[in-house]
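Thanks for passing this one along. Here are my notes, set out as numbered points that you can read with the model open.

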Amino acid sequence: QVQLVESGGGLVQAGESLRLSCATSGTIFSINAASWYRQAPGKQRELVASIASGGSTNYADSVKGRFTISRDNAKKTAYLQMNNLKPEDTAVYYCRANLVLLGGLGSRDEWGQGTQVTVSA
């Protein structure tokens, strides 16, 4: 069974930092591409950051210069470093990844279960 598990969320004050992790488990060879989304109460889920298979990254305008997405295929984990957090960053953060499976079984998309980030003023 292939799974993504996010961790690293929590309650912080404005201006502080958090690093979210998206760990994989199962018969996975590597993370091809990964994205982080967030959903605040009463709002639609939005794309925050993404990293493509070649390593290029994209960010929502609201987080540019503050958030950094990365992946470590040795650890089969993706990360979201969040600096200078603001109250408007409060949301449940979800990891989505395109995973290359072992044994030549192709690839598949998976979502994690989400981790809560709360930023107080």
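1. Let me start with a question: the side chains of which residue and R38 meet in a salt bridge at 2.9 Å, N to O? The partner is D89. Please keep in mind that this is a predicted model, and that the distance is computed from its atoms.

2. It helps to see where these two sit. R38 belongs to strand β4, residues 28–39, while D89 lies in the loop between β8 (77–82) and β9, so their salt bridge ties together parts that are 51 residues apart in sequence. D89 counts as buried, because its relative accessibility is 1% and the limit for that label is under 20%. R38 is buried as well, at a relative accessible area of 6%.

3. R38 has another acidic partner to look at. With E46 it forms a salt bridge whose closest N and O atoms are 2.7 Å apart. Here the surroundings of the partner are of another kind: E46 counts as partly exposed, at 34% relative accessibility. In general terms, side chains of opposite charge can pair when their charged atoms come close.

4. These pairs belong to a wider set. R38, E46, R66 and D89 are linked in a network of salt bridges, so if you have the viewer open, show these four side chains together. A search of the whole structure finds six salt bridges.

5. Away from that network, have a look at D109 and R96. They form a salt bridge, with 3.4 Å between the closest N and O atoms. D109 is in strand β10 (residues 107–111) and R96 is in strand β9, so the pair ties together parts that are 13 residues apart in sequence. Buried, exposed or partly exposed: how does D109 count? D109 is partly exposed, with a relative accessible area of 42%, and R96 also counts as partly exposed, at 29% relative accessibility.

6. Next, the cysteines. How many disulfides does a search of the whole structure find? The search finds one, formed by C22 and C95, with their sulfur atoms 2.1 Å apart. The pair links distant parts of the chain: C22 is in strand β3 (residues 18–25) and C95 in strand β9 (residues 91–101), 73 residues apart. As a reminder, a disulfide is a covalent bond between the sulfur atoms of two cysteines.

7. Two details on that link are worth noting. The angle about the S-S bond is -80°, and the link of C22 and C95 is left-handed. C22 is buried, with a relative accessible area of 0%, and C95 is likewise buried at 0%.

8. Now the overall fold. The protein has zero helices and 11 strands, so from the N terminus on you will meet β elements one after another. Its radius of gyration is 14 Å, close to the 14 Å that the globule rule gives for 121 residues, so the protein is as compact as a globular protein of that length. Along the principal axes, the C-alpha atoms fill a box of roughly 50 × 25 × 25 Å.

9. Finally, packing and surface. Of the 121 residues, 40% count as buried. Among contacts between residues at least 6 apart in sequence, 57% join residues at least 24 apart. The accessible surface comes to about 6200 Å², and carbon and sulfur atoms account for 47% of this area.

Definitions and conventions:
Residues are numbered from 1 along each chain as its sequence is written. This is a predicted model: local features need pLDDT of at least 70, side-chain atom pairs count only at pLDDT 80 or more; totals for chains, interfaces and linings use all residues. Side-chain values use heavy atoms; hydrogens and water are left out. A disulfide is a pair of cysteine sulfur atoms within 2.5 Å. Helices (H or I, at least four residues) and strands (E, at least two) are DSSP runs, numbered from the N terminus. Buried means under 20% relative accessible area, exposed over 50%, partly exposed in between (1.4 Å probe, protein chains only). The radius of gyration is taken over C-alpha atoms; the globule rule is 2.2 Å times the number of residues to the power 0.38. Contact means heavy atoms within 4.5 Å. Accessible areas come from the Shrake-Rupley method with a 1.4 Å probe; for residues, only the protein chains shown count as cover.
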